[in-house]
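Good morning, and thank you for making time on the agenda. I would ask you to have the sequence and the model open while I speak.

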Amino acid sequence: MESLVTIESFVPTAQKGTISPAPRTKGVTPAAVSKNVAALEAGLGVRLFQRSTRRLTLTEPGERFLSSAGAGLASLQAAVDDLRSTRREPSGRLRMSVPVGLGREYVLPMLPAFMERHPQVEVDVSFDNRQVDLVGEGFDVAIGGSLDLGAGIVARVLAPAHVIAAASPAYLEKHGTPRAPAEMAQHDGILMRSILSGRLRAFVFRNSAGEEATLPLRRRLVLDDMEAICTAARLGLGIGTMAPAFAYKFLESGELVRVLPKWYADTGSLSIYYASQKLVPAKTRAFVDHVLAYCKRDRIAARVRAG
């Protein structure tokens with residue numbers, strides 16, 4: 001039977017296509033990983049990789065082995081973590097991925113109480129607007145919207161994800177306030193470009209009567225970050241389509257005015273994601289529970305929904 005250490009070297013290397021220590025194996029060098037992978041191939045009597053100067057490519061036997069060994073390794077690691085958690089408080093490094101604006105505005109304020117309650121947990125946050133591979137990149141949790149739910153990923157909904165239209169009072173005073181979606185064609189638009197596709201996001205707005213419409217704003221400024229769109233709208237650069245999560249405090253202060261207040265776009269949900277395992281590590285379970293309780297107590301959903 002091949003040792004666990006050789007399989008633990010094989011799985012991240014196969015997932016990334018390059019010699020990669022597992023996220024949990026601190027201090028393991030690439031040379032040691034390469035030696036372990038070679039030992040695994042020798043023990044199994046099959047070649048798992050086709051090697052080139054730039055990249056490792058799985059052979060057919062390698063692909064089959066990754067398909068079965070990857071899930072098994074994750075279960076074993078979870079079992080070890082769970083057994084350890086019965087003897088002590090949640091501990092270890094908790095790796096998290098969050099979008100930049102959302103992380104600053106909502107996730108960071110959640111951390112003080114969690115870190116005070118669990119002093120043995122080291123929180124490691126990556127602020128990134130791209131869609132991450134939760135398991136492949138070694139993250140314990142991710143918070144955001146519309147993450148691709150691959151096999152074995154659980155999503156716990158925190159709040160609805162809506163988009164509204166808003167502009168500064170100065171812009172509306174100068175250019176007028178549109179009263180219907182069709183009137184948006186007369187206005188400068190601050191529009192959203194998808195980071196994934198590079199294309200403009202075409203939001204479908206709805207009202208309480210069930211009517212649907214797109215907003216034919218003039219393409220004046222294109223950004224790929226909701227927080228930046230909110231800032232640009234405050235600067236009077238046009239009417240922006242933005243998430244209430246970033247706009248709510250400026251709507252309350254009067255720096256922004258909602259345009260077509262009966263209309264909004266529904267883009268899904270804001271969720272916390274983690275790997276589905278029978279034995280979820282104590283640090284992950286504790287953080288998920290903390291976030292869910294925090295969002296309920298602080299009524300986060302009321303801030304980020306359209307109204």
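Let me begin with a question: which residues does Asp188 touch, not counting residues up to four places away in sequence? The answer is Tyr171, Leu217, Arg218, Arg220, Leu237, Gly238 and Ile239. Asp188 itself belongs to strand 7, which covers residues 188-192. With a relative accessible area of 15%, Asp188 is buried, because the cut-off for that class is under 20%.

I should state at once that this is a predicted model. The protein has 307 residues, and buried residues account for 45% of them. Its secondary structure consists of ten helices and 13 strands. If we take contacts between residues at least 6 apart in sequence, 75% of them join residues at least 24 apart.

I turn now to charged pairs. Side chains of opposite charge can pair when their charged atoms come close. Searching the whole structure gives eleven salt bridges, and I shall discuss three of them, beginning with a pair inside one helix.

Glu60 and Arg64 form a salt bridge through their side chains, at 3.8 Å from N to O. Both residues lie in helix 3, residues 60-85, and they are four residues apart, about one turn of the helix. Are these two residues buried or exposed? Glu60 counts as exposed because its relative accessibility is 59%, where the cut-off is over 50%. Arg64, at 55%, counts as exposed as well.

The second pair is Glu105 and Lys249, whose side chains meet in a salt bridge at 3.1 Å, N to O. Here Glu105 is in helix 4 (residues 100-107) and Lys249 is in helix 8 (residues 244-253), so this salt bridge ties together parts that are 144 residues apart in sequence. Lys249 is partly exposed, with a relative accessible area of 35%.

In the third pair, Asp140 forms a salt bridge with Lys283, and the closest N and O atoms are 3.9 Å apart. This pair also links distant parts of the chain, 143 residues apart: Asp140 is in the loop between strand 4 (121-127) and strand 5 (141-145), while Lys283 is in helix 9 (residues 282-297). Asp140 and Lys283 are both buried.

Next come the aromatic rings. How many aromatic pairs does the structure hold? It holds one. The partners are Phe114 and Phe287, in an edge-to-face arrangement with 5.1 Å centre to centre and 80° between the planes. Phe114 lies in helix 5 (residues 111-117) and Phe287 in helix 9, so the pair ties together parts that are 173 residues apart in sequence. Phe114 and Phe287 are both buried.

Rings also meet charged groups in this model. Arg95 lies over the face of Phe139, 4.4 Å from the ring centre. In another case, the charged end of Arg234 is placed over the ring of Phe250, at 3.9 Å from its centre.

I move on to empty space within the protein. Rolling a probe the size of a water molecule over the atoms shows where empty space is left. The structure holds one cavity of 30 Å³ or more, and the volume of the largest cavity is about 40 Å³. Which residues line the largest cavity? They are Leu102, Tyr106, Val107, Met110, Ile143, Leu158, Leu270, Cys295 and Ile300. Helix 4 contributes the largest share of this lining, with three residues.

Finally, some remarks on the backbone. Most residues other than glycine have a negative phi, and most peptide bonds are trans. Leu260, although not a glycine, has a positive phi of about 50°. Leu260 is found in the loop between strand 12 (257-259) and strand 13 (264-275), and its relative accessible area of 6% makes it buried. Arg299 likewise is not a glycine and has a positive phi of about 50°. The place of Arg299 is the loop between helix 9 and helix 10 (300-304). Arg299 is exposed, with a relative accessible area of 57%.

One further distance may be of use for your own inspection. Ala228 lies in helix 7, residues 226-234, and is partly exposed, at a relative accessible area of 29%. Ala228 and Gly240 are twelve residues apart in sequence, and their C-alpha atoms are 9.9 Å apart in space.

That concludes my presentation, and I thank you for your attention.

Definitions and conventions
Residues numbered from 1 in each chain as written. Predicted model: local features only at pLDDT ≥ 70, side-chain atom pairs only at ≥ 80, totals over all residues. Heavy atoms only, no water. Salt bridge = Lys/Arg side-chain N within 4 Å of Asp/Glu carboxyl O. Helix = DSSP H or I, 4+ residues; strand = E, 2+ residues; numbered from the N terminus. Buried < 20%, exposed > 50% of the residue type's maximum accessible area, 1.4 Å probe, protein only. Phe/Tyr/Trp six-rings, centres within 6.5 Å; stacked < 30°, edge-to-face > 60°. Lys NZ or Arg CZ within 6 Å of the ring centre and 35° of its normal. Contact = heavy atoms within 4.5 Å. 1 Å grid on protein atoms, 1.4 Å probe; cavity = no way out; pocket = protein on both sides within 12 Å on 5 of 7 lines; lining within 4 Å. Points joined across faces, edges and corners; volume = space filled by probe spheres on them.
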